[in-house]
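Here is a walk through one protein fold, taken strand by strand and helix by helix. Keep the structure open as you read.

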Amino acid sequence: MKILLLEDDVVLYDVIEEYLSEKYEVTGTFSADEALKMIEEEHFDLFIFDVNVMGSMNGIELLGELRSFNDATPAIIITAYTDVEHLKSAFGSGANDFIRKPFELEELGVRIENIKKLFRLEESIVINDELLFHPAANELQKGGERILLSGKDSAILHYLLKNSNRIVSSEELMQNIWDFDSMPSEATLRSHIRTIRSVIGKECIKTLRGVGYQWTL
C-alpha cells in the first residue's frame, strides 16, 4: 500500500516514516504544493496530511482541493489543534479520520488498519462464489485458474469495488486511476471496462449513460 505523508516537522516526519515503512511504501514531503505535484504524477492508496505545513495551502485546504477534483483517496488528518472547529473543517474537506498530536504510533497504525478495512485496501476480495480478487497482485482467482489483469484494469476494478455503494463517474475514475499528464479518452476507459466485464461477467458493472459506472453485485 502506497502512503503519501505530508508533515513539515522533520523529527515527527522521520519517526512516522520509519514506523510506517515497516509495512507500507511511504513517500513524503514537507510542502502541500509538492504533495499536489506528487499526486498528479502517481497513485497513492492513503493520504496522511498534517494541517500546518509549508506551501500555499495547509493540509485541510489541500484535501479540499483534491476532493473538488473527485480524488476519493482515503485521508487521515493529523494536527496539534484541539478545537472542534479544526475537526469540523477537516471532515468538511473530506477527511476520513482525524488524529490529534501527541499520539502513539500504534494509534496511527490502528487507524490505518481501520481505513484499510473500510476501503478494502490490501486484501483479497470475494466477488462471488467463483471469483476472488487479489488487488495487490493484479490477479483474479476463478476456481483453480489464475487470471492476471493489467495494472489499469485491476485499479479500475478495485476502485469500483471500494465505491460499490454509489455511481462513479468516468471523470472520477480517470482522475483517480491515471496520472494527470496521461489522462485517457472515454473510448480507452470503455475498452478497459469491456476487458474487465469479459473476465468477471457483464452483469457486474452497470453503465449509466452520461453519468458513469456502478458495481452491481
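Strands β3 (residues 46-50) and β4 (residues 75-79) run parallel and are joined by 4 bridges. The model is a predicted one. Across this pairing, Phe49 stands opposite Ile77 in β4. Strands of a sheet pair through backbone hydrogen bonds, and the pairing can be parallel or antiparallel.

Now widen the view to the sheet. It is open, has 5 strands and follows the order β2-β1-β3-β4-β5, with parallel pairing. Which strands stand at the edges? They are β2 (25-29) and β5 (97-100). Each has a single partner strand, so one side of each is left without a neighbour in the sheet. On average, neighbouring strands are turned by 20 degrees against each other, direction ignored.

Helices pack on this sheet. Helix α1 touches β1 (2-6), β2, β3 and β4. The direction of α1 makes about 165 degrees with that of β2. Helix α3 (residues 59-68) lies across β1, β3 and β4. Its direction runs at about 145 degrees to β3.

Helix α1 (residues 10-20) also meets another helix, α5 (residues 105-119). Their axes come within 11 Å and cross at roughly 55 degrees. Oblique angles include those between 35 and 65 degrees, so α1 and α5 are oblique to each other. The crossing of α1 past α5 is right-handed. Which residues make the contact? From α1 come Val15, Ile16, Tyr19 and Leu20. From α5 come Leu105, Glu106, Leu108, Gly109 and Ile112. By type, the residues of this contact are 7 nonpolar, 1 polar and 1 charged. An α-helix has 3.6 residues a turn, so residues three or four places apart point the same way.

Next, turn to helix α7 (residues 170-177). Of its 8 residues, 6 are buried, so the helix is largely enclosed by the rest of the structure. The buried ones are Ser170, Glu172, Leu173, Met174, Asn176 and Ile177. What do they pack against? Their partners are α6 (151-162), α8 (186-200) and β11 (212-215).

Look more closely at Glu172 in α7. Is Glu172 buried or exposed? Its relative accessibility is 6%, and buried means under 20%, so Glu172 counts as buried. Leaving out residues up to four places away in sequence, Glu172 touches Asn70, Ala72, Tyr159 and Arg166.

Strand β11, one of the partners of α7, holds Tyr213. Tyr213 is buried too, with a relative accessible area of 5%. Where does Tyr213 stand relative to Ser56? The two are 157 residues apart along the chain, and their C-alpha atoms are separated by 35 Å.

Last comes Leu131, in strand β7 (residues 131-134). Leu131 has a relative accessible area of 4%, so it counts as buried. Its contacts, not counting residues up to four places away in sequence, are Ile125, Val126, Leu140, Gln141, Lys142, Val199 and Ile200. One of these is Lys142. Leu131 and Lys142 are 11 residues apart in sequence, and 4.8 Å apart in space from C-alpha to C-alpha.

Methods. Residues numbered from 1 in each chain as written. Predicted model: local features only at pLDDT ≥ 70, side-chain atom pairs only at ≥ 80, totals over all residues. Heavy atoms only, no water. Helix = DSSP H or I, 4+ residues; strand = E, 2+ residues; numbered from the N terminus. Buried < 20%, exposed > 50% of the residue type's maximum accessible area, 1.4 Å probe, protein only. Contact = heavy atoms within 4.5 Å. Axes fitted to C-alpha atoms, helices over the stretch in contact; angles between N-to-C directions. Parallel < 35°, antiparallel > 145°, perpendicular 65-115°, else oblique. Left-handed = near helix turned anticlockwise from the far one by under 90°. Nonpolar A, V, L, I, M, F, W, Y, C, P; charged D, E, K, R; others polar. Pairing = 2+ DSSP bridges.
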